[in-house]
Amino acid sequence: MNTVTVKPTQPAMRDIVTLQSHILQQQALHPDASGTFTWILSALSISAKMIAAQVRRARLEDVLGNAGEQNVQGEQQQKLDVIANEILLRTLGAREGVAIVASEENEEPVILREQNDGETRYCVLFDPLDGSSNLDICGSVGTIFSILRKDRRSTKAEDSLLQPGTRQVAAGYVLYGSSTVMLLTLGHGVDMFVLDPSIGAFVRVAEGLKIPVKNKCYSLNEGNRLTLPEGYQKYLHWAQSNGYSSRYVGAMVGDVHRIMLQGGVFMYPPTQKAPKGKLRLMYEANPMAFLVEQAGGKALAGPDQRILDVQPEGIHQRTCVVLGSSEEVDHVMAQVAG
Ligand code: P6P
């Protein structure tokens, strides 16, 4: 019997792959997978949709403004920080595979399940609402997450949490911007998904995303310029002498997302106020560094210091960050180490 080939009458149509089907496709590559990890990613997807709904209605529901308390970082907590944190704790808490969660909003990690069998369990670390000070001005905010395997031998939560970034099994972020976008890596490249509110699903829009190797754009808070270490001031002078533009939204997720798509370099160097850098290693720098490296970029904590190699000493420790296009990171380090 002759088979009839239906030629699409419009430009080649891509398959429609949701985040859920993408995760199941990835699980199918591991026949011995129990599905535990898949359920954790599913919880993060649900959390992202719930947080997006809150962020999009914030002004309407008067959820903006300060919660009146400070978090462990000594920063004024926004109401939505608290709500986003609760959403993540409650969705992840319902997943058998999650042993420990650590959040920017919680001084101590939360032990959800003790290890009493041979099951593989995971630690999930997150910044529930990065850049929340942008909320009142309707600016970019985001959720950043990192997943580690729990060390079965360890009895103390910190032992399982304080693993270098190279031990991450997954990382990603959700940007609540003009659309809700998730970038995710499971260690085999970076894929991008956009939330379609009409169906309530994240739809895959890019696979194997790669950062352009160069782009004349740098991103940092220039208000710190005069107190930056000399090498960074030399870099800024070099960049401005070579026609670079500057872009900075004040939320790491927004600034890094621009780097992931257009290239350039994002940095938070040592400053007078934050001599070791401001950004947190475990749930900001490490997940972003994993994504950047998986997309062919570089992510350093200083000259010849890969962020992912840093051995953590505390779950809230801070680090310097220089990440983005490989050539642009090299330009920064040429001045800093020079
Ligand atoms: P600054 C937001 O508070 C944050 O943690 C990151 O998202 C962002 O990149 C950085 O701090 C902005 O810090 O000092 O420029 O306001």
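**Notebook: ligand site, helices and loops**

I began at the ligand, where a polar side-chain atom of K278 lies 2.9 Å from an oxygen atom of the ligand. I note at the outset that this is a predicted model, and that every distance below was computed from its atoms.

I next looked up the other polar approaches to the ligand, and found that a polar side-chain atom of Y248 is 2.5 Å from a ligand oxygen atom, while for R280 the corresponding separation from an oxygen atom of the ligand is 3.2 Å. How much of the ligand's accessible area does the protein cover? The ligand has 390 Å² of accessible area on its own, and the protein covers 82% of this.

I then listed the surroundings of the ligand: there are 13 residues around it, and those that come nearest are D130, Y248, M252, Y268 and K278. Sorted by class, the shell holds six nonpolar, three polar and four charged residues. Two strands, β13 (265–268) and β14 (279–280), each supply at least two residues of this shell.

I turned to helix α5, residues 230–241, to check its length against expectation. Its twelve residues, at 1.5 Å a residue, should span 16 Å, and I found the end C-alpha atoms 16 Å apart, which agrees. I recorded G231, Y232, Y235, L236 and A239 as the buried residues in α5. Seen down the helix axis, the buried residues of α5 fall within an arc of 145°, so they line one face of the helix. The general background is that an α-helix has 3.6 residues a turn, so residues three or four places apart point the same way. On the face of α5 turned away from the buried side I found the exposed residues E230 and H237.

I looked at helix α7, residues 281–294, for its burial. Of its 14 residues, 13 are buried, so α7 is largely enclosed by the rest of the structure. Just after α7, I noted that G296 takes a positive phi of about 90°.

I followed one residue of helix α3 (residues 79–93), namely N85. Is N85 buried or exposed? With a relative accessibility of 5%, N85 counts as buried, because the cut-off for that label is under 20%. Its side chain makes a polar contact of 2.6 Å with the side chain of S103, and a further polar contact, of 2.8 Å, joins the side chains of N85 and N106.

I also checked backbone angles in the loops. C138, in the loop between β5 (122–130) and β6 (141–149), has a phi near 60°, which is a positive value in a residue other than glycine. The relative accessibility of C138 is 75%, and the residue counts as exposed, because the cut-off for that label is over 50%. D304, which sits in the loop between β15 (298–302) and β16 (305–306), likewise has a positive phi near 60° and is not a glycine. For D304 I recorded a relative accessible area of 81%, and the residue is exposed.

My last entry concerns P212, which lies in the loop between β10 (201–206) and β11 (217–219). P212 has a relative accessible area of 28% and is partly exposed. I looked up its separation from W39, which is 173 residues away along the chain, and found 33 Å between the two C-alpha atoms.

Technical notes
Residues numbered from 1 in each chain as written. Predicted model: local features only at pLDDT ≥ 70, side-chain atom pairs only at ≥ 80, totals over all residues. Heavy atoms only, no water. Near = heavy atom within 4 Å. Polar contact = N/O pair within 3.5 Å; in protein donor to acceptor, adjacent residues only side chain to side chain. Areas by Shrake-Rupley, 256 points an atom, 1.4 Å probe, with all protein chains shown as cover. Helix = DSSP H or I, 4+ residues; strand = E, 2+ residues; numbered from the N terminus. Nonpolar A, V, L, I, M, F, W, Y, C, P; charged D, E, K, R; others polar. Expected span 1.5 Å × (residues − 1). Buried < 20%, exposed > 50% of the residue type's maximum accessible area, 1.4 Å probe, protein only. Arc of directions from axis to C-beta.
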